[in-house]
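Please open the model in your viewer and keep a selection tool at hand, since the tour moves from one selection to the next.

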Amino acid sequence: MGITNSNKVLNAARVDCDGSLKVTLALTAAPDIISNPTDIALVLDRSGSMTGTPLANMKTGAKTFIDIISQSTGGQPTGEIGSGSRIGIVSFSDTATQSTQMITSVATLKNAVDSLTAAGSTNHADAFTKAIALFNPSSSNAKVIVMFTDGKTTAGAPPAPVAAAARAQGIIIYCIGLLGSDGVDVDALDNWATDPSATHVAVTPDSSELEELFAELAANISKTGATNIVIDEVVTSDFAITSIQNPSVGSASMLNSTPLRWTIPQLGVAASESAILEFFVRHVGQNPGTKTVNQSITYTDTEGNQVTFPNPTVAVECDVVVNPEPCPTPVDLDIRGCSDSVVVDMGDVYLESLGRIVQMDVTIKNVCPGKRVALAAMLSEVDENGMEYQRGMKVMTIPAHNAASCRDVLVKCIKFVIPEDLDVSTGANQILCNPRKFKARFIAHNIDSDFRCCESVVTL
């Protein structure tokens, strides 16, 4: 089945300038058997040559096979094979026996495997015949025979025509061979199995390797979701990556402030599986508006899955900045040549203050769109006894903004000239540049309002 879902989400729909966001990438992969239920006939050789260690290792491998198929199909905690797939057990020596029908109970299947005992000769034809009989011809499930044997045919009819008939019905045949005391005809296994034999036949001289062979075959039947995944994400220049959380699967790293790489060795190999990566970005752009977070995101894996991610956007809203009092106009000054000193006539300069200038910024909170604000700034100086002396008051109109919602408004450069001869901080000992103490107060109120007082008429 491969990658079944890919997603990218942001934890907020809007963010302030210089604000941060959490970005979440998510992938889900599943084995193909989940979307394509499969009936599997597990055909096991219990002839006399399997006595002892070979039979024990075969049982371990067969039970591992059952476990992997159960996990691959999203098996339930009760031990059931899921997603509509089933397994049936056929065992054979002189003749073949249907040890179970096509069932989903993992416990029943394992009990059937554990009950096998070794004796007799090897009848492959009857084993194929009994396996074919397990399948329901009217079922839409895929049909698979897994034949395990450790010897050549020594009883019954020739098996090749029976295997060919099974393949003609659309049944896929896999063969596992153990080079036991009776020997295995590898050419015969190749002839019985579905082409190509390179992916449908496995042979080993060592019974200790049977568990690995059964496990590999189960993974092949269930089909890996995705392996060697590489995801490269690049965020736009409006954002910078600040940190990356450890992903739930695989590893991730920042390449610099905008790109990152997430690698996952495998996902959805044995069962449906999800992986999540969370990372944080900060807005570093200068302009508000609707912004996309990622510039590009690419995905690759060994299986060639084609994956696309959503491209969510976030509304970036910056504070409104008002400068009610303009700064002095600068005068251009050019210096040319290599003289040691230069004299330039800059014209007239008028004395604008007889003391220090106090310049203050204040933020008016929660100003709604379309509303002008009256702002009053009051400054007083405090003497050594705590008495206050008025030093000035300014009232100004703050223009309305047109942002989509109520915003904070930053009012900058509110200036007061503080004459030195009014210094009260040190009593009678007045000298220039003494430390001085002040208190500032601000009052703000909406100018624009639909308030009416009883619709009264006032005559002046």
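Helices (H or I, at least four residues) and strands (E, at least two) are DSSP runs, numbered from the N terminus. This is a predicted model, in which local features need pLDDT of at least 70, side-chain atom pairs count only at pLDDT 80 or more, and totals for chains, interfaces and linings use all residues. Residues are numbered from 1 along each chain as its sequence is written, and side-chain values use heavy atoms, with hydrogens and water left out.

Begin with the whole protein, which has seven helices and 23 strands. Its C-alpha atoms fill a box of roughly 125 × 75 × 45 Å along the principal axes. Of the 460 residues, 40% are buried, where buried means under 20% relative accessible area, exposed over 50%, and partly exposed in between (1.4 Å probe, protein chains only).

Next, select Val-184, found in the loop between strand S8 (172-178) and helix H5 (186-192). Is Val-184 buried or exposed? Val-184 counts as buried because its relative accessibility is 10%. Add Asp-150 to the selection: although 34 residues separate it from Val-184 along the chain, their C-alpha atoms are 5.9 Å apart.

Finally, move to helix H7 (residues 210-222) and select Glu-216, which lies in that helix. Glu-216 has 45% relative accessibility, and therefore counts as partly exposed.
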